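Dear colleague,

Please find the structure below, handed over for your review. My notes on selected sites follow it.

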Amino acid sequence: MSTPIAPDGCRRLRPGKTYGGKQGFDYFEGVARETVGSSGICMHLLTVPPGGRAKAHKHDSHETAIYVLSGTAVMYWGERLENCMETAAGDMVYIPANMPHLPVNRSSEPVTAVIARTDPSEQESVTLLPELEALVPV
């Protein structure tokens with residue numbers, strides 16, 4: 001729940017409502033153009049359920065930073081998703097702009113992460129890459 005804009009323009013948010021992202025996950029609303037009027041960044045909380053898998057995608061012209069709070073997952077990345085990175089609680093992950101990627105939670109526990117992007121309206125820069133879906137094993 002957000003608080004009204006303070007005289008100094010600062011806002012406090014508490015994740016509550018979720019929205020469905022193009023990538024196939026539900027995100028908790030956070031700092032974004034839509035919630036606080038940000039002009040250069042968004043930040044939100046994501047929980048990936050056991051067995052959860054995103055759609056292959058990239059963020060056009062925007063960088064992504066991720067801090068894994070809990071759980072373990074793998075992320076495939078590269079022009080043909082040819083690289084695989086394991087992530088665990090405490091890891092920070094950087095994804096350059098326009099980099100195709102696809103995260104998967106193959107564990108039996110949820111994965112929770114804080115995600116920040118240089119796009120204040122996070123979903124505007126998402127481009128789905130369905131032609132890459134079959135390149136990642138189920």
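Which residues does G71 touch, not counting residues up to four places away in sequence? In this predicted model, the contacts of G71 are with T87, A88, A89, P110 and V111. G71 itself is located in the loop that runs between β5 (64-70) and β6 (72-77). Its relative accessibility is 23%, so G71 counts as partly exposed; the buried class would require a value under 20%. A further distance may be useful to you: the C-alpha atoms of G71 and P50 are 9.6 Å apart in space, while the two residues are 21 residues apart in sequence.

The strand that precedes this loop, β5 (64-70), also has a pairing to report. β5 and β8 pair in the antiparallel sense, over 4 bridges. One of the residues concerned is T64, whose bridge partner in β8 is I95. Strand β8 comprises residues 92-95 and has two faces: V93 and I95 form the covered one, whereas M92 and Y94 form the uncovered one. In general, side chains in a regular strand alternate between the two faces of the sheet. The bridge partner of T64, I95, therefore belongs to the covered face of β8.

A separate site concerns H59, which is found in strand β4 (residues 57-59). Is H59 buried or exposed? With a relative accessibility of 2%, H59 counts as buried, because buried means under 20%. The side chain of H59 makes a polar contact with the side chain of H57, at 3.4 Å.

Yours sincerely

Technical notes
Residues numbered from 1 in each chain as written. Predicted model: local features only at pLDDT ≥ 70, side-chain atom pairs only at ≥ 80, totals over all residues. Heavy atoms only, no water. Buried < 20%, exposed > 50% of the residue type's maximum accessible area, 1.4 Å probe, protein only. Contact = heavy atoms within 4.5 Å. Polar contact = N/O pair within 3.5 Å; in protein donor to acceptor, adjacent residues only side chain to side chain. Pairing = 2+ DSSP bridges.
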